[in-house]
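Me: I should like to learn how to read a structural model of this kind. Could we begin with the ligand and then turn to the interior?

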Amino acid sequence: MSTSFGVMLLGTGSSLPARSLRNGDFPASLDTSDEWIRSRTGIGERRIAAAGDTSASLGLAAARRALEAAQLDPADLDMIICATVTPDMMVPAAACLIQSGLGCRPIPAFDINAACTGFLYGLSIAAQFIRTGSCRRILVVGAETLSRIVDFSDRTTCVLFGDGAGAVVVGAADGQGRGEHWFRLYADGSRADYIRLNGARLRPPASSPAEPRPTDEFDFLRMNGREVFKFAVRTIIELVSESLAECNLSPADIDLVIPHQVNQRIIDAAFADLNFPTEKLMVNLDRYGNTSAASIPIALDEAMRTGRAAPGDRVLLIAFGGGLTWAGGVWTI
Ligand code: ACO
């Protein structure tokens, strides 16, 4: 693990839309049930954005709470990274909207898309800038309004996802033992078809300015549920094993595991294969569903605010998603 240039967790925040959509609230035409959804996924309800909520507005609210928890001002930030697959618009980045909402200096602000792995990608990028000394404090946000891209007539996907945002402020370690970290990122674009959301690709390029171009084409998130299930179980097992081996740690050395909040059945299947105490697992997907890039920072914020995690704890972070992408991290917060 890297110890020389530690990266400390300075504060966390989250923001969940007020409206809850419970399993029983889906229309009869969807032909689903609370029993089916709970037994297959562990999800009981999920939050749905109000008309005025966007990924940037939820991300901004989460960022304000993270800054408050860190006892810092927007002026203290040197960079903003937002992980999202549902930015308010293609340009500008959600991170720029968050920067403007906070009233920051003209610090760099950009989005990254690594699907459900995006927050760990963002955290790892932040760690690099802090380790080189180019930045002292960075805001990393995971924010999604997946209800905008989910097909509510497709029962195989719409029951899985929810909206929300989580944020962390990280900074250079103070030399008191906190800040050790190890992050490893992966991607395999050959399995791009497992989870996809078509965007501009649907529109033909304007090879001739006279050619009529469709203006309202829109597609929904599509997923090969069975293949994603197998990939996710295998990936959790591999990432937990690799993280422990690379950091020379055993399960007893880990205080809390925060996996991407994908599906209880996936998490159970993976941990049944790992000799790991399941009471160390942080899971809140029963209340929020899968919030993609927001799931880990929302869970981390809940862990900090409820006392399940505290400064100085060693957490194991596990993420995987579209791309395919996946990442693991061991971090002494
Ligand atoms: N309610 C009722 N029936 C349903 C529902 C539903 N919500 N969804 C699917 N079914 C039906 C199917 O239509 C099918 O019916 P059929 O046999 O008549 O054709 C039947 O249930 C079985 O379908 P399967 O796809 O085999 O169901 P499975 O037990 O595999 O569960 C699920 C489906 C929950 C999607 C599962 O494959 C899964 O969890 N996959 C992982 C997907 C995931 O969590 N992705 C998250 C996004 S990606 C990420 O974050 C990494």
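Reply: Let us begin with one polar contact. This is a predicted model, and in it a polar side-chain atom of W36 lies 3.5 Å from a nitrogen atom of the ligand.

Me: Which other residue has a polar side-chain atom close to a nitrogen atom of the ligand, and at what distance?

Reply: That residue is T32, with a polar side-chain atom 2.6 Å from a ligand nitrogen. On the oxygen side, an N or O atom in the side chain of R155 is 2.8 Å from an oxygen atom of the ligand. As for cover, the ligand on its own has 1000 Å² of accessible area, of which the protein covers 76%.

Me: How many residues surround the ligand, and which are the closest?

Reply: The ligand is surrounded by 25 residues, the closest being T32, R155, R226, N263 and N290. At least two residues of this shell come from each of α1 (34-41), α5 (155-158), α6, α7 and β12. The element that gives the most is α6, with four residues.

Me: How should I read the nonpolar interior?

Reply: The general idea is that in soluble globular proteins, nonpolar side chains tend to be buried together. In this structure, the largest nonpolar core has 44 residues, and I236, V240, I254, F271, F276, L316 and F320 are those with the most contacts inside it. Two or more residues of this core come from each of α6 (225-246), α7 (264-273), β12 (314-321) and β13 (325-332). Here too α6 gives the most, with eight residues.

Me: With which residues is I236 in contact, leaving aside its neighbours within four places in sequence?

Reply: I236 is then in contact with I266, I267, A270, F271, L274, I318 and F320. There is also a second, separate core of 35 residues, which includes V7, I112, I138 and L317.

Me: How many disulfides are counted?

Reply: The rule is that two cysteine sulfur atoms must lie within 2.5 Å of each other. By this rule the count is zero.

Me: Why is C82 not counted as bonded to C96?

Reply: The closest cysteine sulfur to that of C82 is in C96, and because the two are 10 Å apart, they are too far for a bond.

Me: Is C82 buried or exposed, and is C247 buried or exposed?

Reply: The cut-off for buried is under 20% relative accessible area. C82 has 0% relative accessibility and therefore counts as buried. C247, at 9% relative accessibility, also counts as buried.

Terms used
Residues are numbered from 1 along each chain as its sequence is written. This is a predicted model: local features need pLDDT of at least 70, side-chain atom pairs count only at pLDDT 80 or more; totals for chains, interfaces and linings use all residues. Side-chain values use heavy atoms; hydrogens and water are left out. A nonpolar core is a set of buried Ala, Val, Leu, Ile, Met, Phe, Trp, Tyr and Cys residues joined through side-chain atoms within 4.5 Å. Buried means under 20% relative accessible area, exposed over 50%, partly exposed in between (1.4 Å probe, protein chains only). Contact means heavy atoms within 4.5 Å. A residue is near a molecule or strand if one of its heavy atoms lies within 4 Å of it. A polar contact is a pair of N or O atoms within 3.5 Å; within protein, one must be able to donate a hydrogen and the other to accept it, and residues adjacent in sequence count only if both atoms are side-chain atoms. Accessible areas come from the Shrake-Rupley method with a 1.4 Å probe; for residues, only the protein chains shown count as cover.
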